Amino acid sequence: MVQIARQPSFFGAGRAPDTLAGRFELMTLHASLALIRLRAEPALAPLAQAFTDKLFRSFDAGLREDGVGDLTVPKRMRKIASDFYGRLNAYAAGLEGPDAALATALARNGAAGEGFSPTLAAYAIAARQSQAVRPAADLMRLDGWPAAPD
């Protein structure tokens with residue numbers, strides 16, 4: 001998932017900032033899309049839970065690698081969890097509504113600059129449509145996702 005969310009064309013001037021916060025936003029968008037797909041099949045509930053557990057272990061490890069102290073990590077993880085689930089709900093709702101709703105949510109959360117948020121929303125919509133008809137295992141492969149926007 002990290003390889004998918006860290007593709008260079010997602011970042012740069014007028015796109016997502018190539019910062020810890022910007023990387024979190026792109027990781028959250030891609031993880032949200034993966035969870036939406038996994039949750040669409042009740043039989044994949046254990047896989048969705050395992051995916052979520054691994055995602056949050058990665059966030060925890062990232063904080064520790066960034067030098068966050070052991071006493072501060074739980075507080076930061078609660079904030080990350082709150083931010084993640086808020087975005088998951090916003091992106092799921094945005095995917096069900098008009099394209100502009102998802103673009104607005106992406107811009108509001110800092111995932112993309114104003115000019116890039118419609119492009120990123122179109123990418124997310126294409127990813128969701130593509131993944132809906134593909135095996136869930138494709139979520140874990142780079143070629144299981146649409147090409148990152150140019």
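Here a colleague asks a modeller about the helices of this predicted model.

Colleague: Let's start with α2 and α3. What makes α2 roughly antiparallel to α3?

Modeller: Helix α2 covers residues 20-39 and helix α3 residues 45-65, and they pack at an angle of about 170°. Angles over 145 degrees count as roughly antiparallel, so α2 gets that label against α3. Their axes are 10 Å apart, and α2 passes α3 in a left-handed crossing.

Colleague: Which residues of α2 and α3 make the contact?

Modeller: From α2 you have Phe-24, Met-27, Ala-31, Ala-34, Leu-35 and Leu-38, and from α3 Leu-47, Ala-48, Phe-51, Thr-52, Leu-55 and Phe-59. By class, 11 of the residues in this contact are nonpolar, one is polar and none is charged.

Colleague: Now for α4. Why is α2 called oblique to α4?

Modeller: Helix α4 takes in residues 73-96, and α2 packs with α4 at an angle of about 60°. Roughly parallel needs an angle under 35 degrees, and roughly perpendicular starts at 65. The angle of about 60° fits neither, so α2 is oblique to α4. The axes of α2 and α4 are 9 Å apart, and the crossing is right-handed.

Colleague: How many charged residues does the contact of α2 with α4 have?

Modeller: Four, alongside 13 nonpolar and two polar residues. Among the residues making the contact are Glu-25 and Arg-39 of α2, and Asp-83 and Arg-87 of α4.

Colleague: And α6? What makes α2 roughly parallel to α6?

Modeller: The two helices pack at an angle of about 30°. The cut-off for roughly parallel is under 35 degrees, so α2 counts as roughly parallel to α6. Their axes are 10 Å apart, with a right-handed crossing. On the α2 side the contact includes Leu-33 and Arg-37, and on the α6 side Gln-131 is one of the residues involved. The residues of this contact are nine nonpolar, two polar and two charged.

Colleague: How do you know that Gln-131 counts as buried?

Modeller: Its relative accessibility is 3%, and buried means under 20%, so Gln-131 qualifies. Gln-131 sits in helix α6, residues 117-132. Leaving aside neighbours within four places in sequence, Gln-131 touches Leu-33, Arg-37, Leu-139, Gly-144 and Trp-145. Other buried residues of α6 include Leu-120, Tyr-123 and Ala-127.

Colleague: Back in α2, is Gly-22 buried or exposed?

Modeller: Gly-22, which lies in helix α2, has a relative accessible area of 0%. That is under the 20% limit, so Gly-22 is buried. Not counting residues up to four places away in sequence, Gly-22 is in contact with Phe-11 and Pro-17. As for Phe-10, it is 12 residues from Gly-22 in sequence, and their C-alpha atoms are 9.6 Å apart.

Colleague: Why is α2 called largely enclosed by the rest of the structure?

Modeller: Of its 20 residues, 16 are buried, so α2 earns that description.

Colleague: How do you know that the span of α4 agrees with what it should be?

Modeller: At 1.5 Å a residue, its 24 residues should span 34 Å, and the end C-alpha atoms are 34 Å apart, so the two values agree. For α2, with 20 residues, the reach is 28 Å, close to the 28 Å expected. Helix α6 has 16 residues and reaches 22 Å, close to the 22 Å expected.

Terms used. Residues are numbered from 1 along each chain as its sequence is written. This is a predicted model: local features need pLDDT of at least 70, side-chain atom pairs count only at pLDDT 80 or more; totals for chains, interfaces and linings use all residues. Side-chain values use heavy atoms; hydrogens and water are left out. Axes are lines fitted to C-alpha atoms, for helices over the stretch in contact, and angles run from 0 to 180 degrees between N-to-C directions. Helices (H or I, at least four residues) and strands (E, at least two) are DSSP runs, numbered from the N terminus. Angles under 35 degrees count as roughly parallel, over 145 as roughly antiparallel, 65 to 115 as roughly perpendicular and the rest as oblique. A crossing is left-handed if the near helix is turned anticlockwise from the far one by less than a right angle, and right-handed if clockwise. Contact means heavy atoms within 4.5 Å. Ala, Val, Leu, Ile, Met, Phe, Trp, Tyr, Cys and Pro count as nonpolar, Asp, Glu, Lys and Arg as charged, and the others, Gly among them, as polar. Buried means under 20% relative accessible area, exposed over 50%, partly exposed in between (1.4 Å probe, protein chains only). The expected span of a helix is 1.5 Å times one less than its number of residues.
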